[in-house]
Amino acid sequence: MIATERPFRLPVGYLDEEGTFHRDGVMRMATAADEILPLRDPRVQGNEAYLIVILLSRVITRLGSVEAITPKVIESVFAADLAYLQDFYNELNLTGEARTACPACERRAEVMEVNGAGGS
């Protein structure tokens, strides 16, 4: 059985407007709609690089205690975190598995399956 959600830990963390860092989150596998529908978004049509912002806002189901993962949240992550999330997205969706790297030593490790109990 394949897990459709995987936990992650951002190397730096999203800094919210109150000054709180959020590092731990969950990403789900993308659906066809997740990859197709953002192509209609005017922000993506005007700048193809914006596609990853929309994609990540659709597939990240939890990031610390942030209530809603919106494109604005993704726009505000640090560059190191955006690169990490892009890599994590690609690993999760291209292989069905995701591996994380320790931010300190960059050692890669497999992520264990998330139990769906309790929701996200």
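A salt bridge is a side-chain nitrogen of Lys or Arg within 4 Å of a carboxyl oxygen of Asp or Glu. Keep that rule at hand for some of the stops below.

The model on screen is predicted: local features need pLDDT of at least 70, side-chain atom pairs count only at pLDDT 80 or more, and totals for chains, interfaces and linings use all residues. Residues are numbered from 1 along each chain as its sequence is written, and side-chain values use heavy atoms, with hydrogens and water left out.

**Stop 1: the whole chain**

Show the protein chain as a cartoon. It has five helices and five strands; helices (H or I, at least four residues) and strands (E, at least two) are DSSP runs, numbered from the N terminus. Followed along the sequence, they come in the pattern β-β-α-α-α-β-α-α-β-β.

Now switch to a surface. About 7200 Å² of the protein chain is exposed, and carbon and sulfur atoms supply 53% of that area. Accessible areas come from the Shrake-Rupley method with a 1.4 Å probe, and for residues only the protein chains shown count as cover. Of the 120 residues, 36% count as buried. Buried means under 20% relative accessible area, exposed means over 50%, and partly exposed lies in between (1.4 Å probe, protein chains only).

**Stop 2: strands β1, β2 and β3**

Select β1 (5–15) and β2 (residues 21–28). The two run antiparallel and are joined by seven bridges; two strands pair if DSSP finds at least two bridges between them. Together β1 and β2 form a hairpin with five residues between them, and G19 in the turn has a positive phi of about 90°.

Add β3 (60–63). It runs antiparallel to β2, with three bridges between them. Which residue stands opposite V26 in β3? It is R62. V26 in β2 also stands opposite P7.

**Stop 3: F8 and the core**

Select F8 and display what surrounds it. Leaving aside neighbours within four places in sequence, F8 is in contact (heavy atoms within 4.5 Å) with residues including M27, I60, L63, L85 and F88.

F8 also belongs to the largest nonpolar core, which has 25 residues. A nonpolar core is a set of buried Ala, Val, Leu, Ile, Met, Phe, Trp, Tyr and Cys residues joined through side-chain atoms within 4.5 Å. The members that touch the most others are F8, M27, L56, I60, L63 and L85. The elements giving two or more residues to this core are β1, α3, β3, α4 and α5, and the largest share, six residues, comes from α3.

**Stop 4: helix α3**

Select residues 51–59, which make up helix α3. Why is α3 described as largely enclosed by the rest of the structure? Seven of its nine residues are buried, so the description follows from that count. The buried ones are I52, V53, I54, L55, L56, S57 and V59. They pack against β2, α1 (32–36), α2 (42–46), β3, α4 (71–75) and α5 (79–95).

**Stop 5: three linked charges**

Side chains of opposite charge can pair when their charged atoms come close. Five salt bridges are counted in this model.

Select R28, D34 and R58, which are linked in a network of salt bridges. The closest N and O atoms of R28 and D34 are 2.6 Å apart. For R58 and D34, the closest N and O atoms are 2.9 Å apart. This second pair links distant parts of the chain, with R58 in helix α3 and D34 in helix α1, 24 residues apart.

Is D34 buried or exposed? At 2% relative accessibility, D34 is buried. R28 is partly exposed at 23%, and R58 is partly exposed at 32%.

**Stop 6: K72 and E17**

Select K72 and E17, whose side chains meet in a salt bridge of 3.4 Å, N to O. K72 lies in helix α4 and E17 in the loop between β1 and β2, so the pair ties together parts that are 55 residues apart in sequence. K72 is exposed, with a relative accessible area of 52%, and E17 is exposed at 68%.

**Stop 7: a nonpolar patch**

Finish on the surface with V12, L15, F21 and F78, which make a nonpolar patch of about 320 Å². Patches are made of residues with over 30% relative accessible area and no salt bridge: like charges are joined within 9 Å, nonpolar side chains (Val, Leu, Ile, Met, Phe, Trp, Tyr) within 5 Å. F21 is found in β2 and is partly exposed, with a relative accessible area of 44%.
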